[in-house]
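Please read the following report alongside the sequence and the coordinates shown below. The model is a predicted one, and the text moves from the sheet to the helices, the cores and the cysteines.

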Amino acid sequence: MVPEIDVVSFKKRLDARAEGKDDFFVLDVRNPNEQEIALVPGTDKLIPVSELAARIEEIKNQIDKEILVYCRSGGRSGMACGILAQAGFKSYKNVAGGTLAYSDLVDPSMQKY
C-alpha cells in the first residue's frame, strides 16, 4: 500500500513550506502538456511517470527528503511512488486525487481536464 496525503493536508504543508516551517520535495509525474493546463504552485520538478525510472538521477539529491507526488487523479503518482521505492527512496506520499481533487477541495480556479 502506498502512503497517501489528502489535498487539503498537501496544501497546508505547501503553505508551511513557503513560510520555512516544512521541508519536502514536490514531484509532478504528469506530461508537460498537462502541466500547462493545471499546475500546483510549489511544484519542484516535472518528470512524466513513463520517464521516471530512466531519469531518477535528476532527483537523487532529494533522497533524504520526503517526496510528495501528484498527477491528475492519483493513479500515475501511485505508480511513481513504487518507482521511488525501487530506487531506494524511503519517504514518499501519493497526493490522493491529484489535480482533480485539488481543484475540487483547494483551488476551484484550477482548470480541470
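## The sheet

In this predicted model, five strands make up an open sheet whose order is β1-β5-β4-β2-β3, and the pairing is parallel. The edges are formed by β1 (4-5) and β3 (45-46), each of which pairs on one side only.

At the β1 edge, the partner is strand β5 (residues 92-95), and the two strands pair in the parallel sense over two bridges. Within this pairing, Glu 4 stands opposite Asn 94 of β5. As general background, strands of a sheet pair through backbone hydrogen bonds, either parallel or antiparallel.

## Helices α1 and α5

Helix α1 spans residues 7-18 and includes Arg 13. Although arginine carries a charged name in most readers' minds, the question here is simply one of accessibility: is Arg 13 buried or exposed? Arg 13 counts as buried because its relative accessibility is 17%, which is under the 20% cut-off. When neighbours within four places in sequence are left aside, the contacts of Arg 13 are Ile 5, Asp 22, Phe 24, Glu 66, Leu 68 and Lys 93.

Helix α5 (residues 98-105) has Gly 98, Thr 99, Ala 101, Tyr 102 and Ser 103 as its buried residues. The elements that cover these buried residues include α1, together with β4 (67-70) and β5.

## Two nonpolar cores

The largest nonpolar core has 17 residues, and those touching the most other members are Leu 27, Leu 52, Ile 59, Ile 67, Val 69 and Leu 84. At least two residues of this core are supplied by each of β2 (25-28), α3 (49-52), β4 and α4 (75-86), and the largest share, four residues, comes from α4. Apart from this core lies another, of 14 residues, which includes Val 7, Leu 14, Val 40 and Val 95. In soluble globular proteins generally, nonpolar side chains tend to be buried together.

Val 69 can be followed in more detail: not counting residues up to four places away in sequence, Val 69 touches Leu 27, Val 29, Ser 77, Ala 80, Cys 81, Leu 84, Lys 93, Asn 94 and Val 95.

## Cysteines

How many disulfides does the model contain? The count comes to zero. Cys 71 is in no disulfide, and the nearest cysteine sulfur, that of Cys 81, is 9.5 Å away, whereas a disulfide would require the two sulfur atoms to be within 2.5 Å. For Cys 81, likewise in no disulfide, the nearest cysteine sulfur is that of Cys 71.

Cys 71 counts as buried because its relative accessibility is 1%, and Cys 81 is also buried, with a relative accessible area of 1%.

## Gly 82 and the chain start

Gly 82 lies in helix α4, and at 31% relative accessibility this glycine counts as partly exposed. Along the chain Gly 82 and Met 1 are 81 residues apart, yet their C-alpha atoms are separated by 9.5 Å in the model.

## The annotated region

An unreviewed UniProt entry lists residues 20-111 as "domain: Rhodanese". Over residues 20-111 the chain is 33% helix and 15% strand, and the C-alpha atoms at the two ends are 28 Å apart.

Technical notes
Residues are numbered from 1 along each chain as its sequence is written. This is a predicted model: local features need pLDDT of at least 70, side-chain atom pairs count only at pLDDT 80 or more; totals for chains, interfaces and linings use all residues. Side-chain values use heavy atoms; hydrogens and water are left out. Two strands pair if DSSP finds at least two bridges between them. Buried means under 20% relative accessible area, exposed over 50%, partly exposed in between (1.4 Å probe, protein chains only). Contact means heavy atoms within 4.5 Å. A nonpolar core is a set of buried Ala, Val, Leu, Ile, Met, Phe, Trp, Tyr and Cys residues joined through side-chain atoms within 4.5 Å. UniProt positions are given in the numbering used here, feature names are shortened, and annotations may be inferred rather than shown by experiment.
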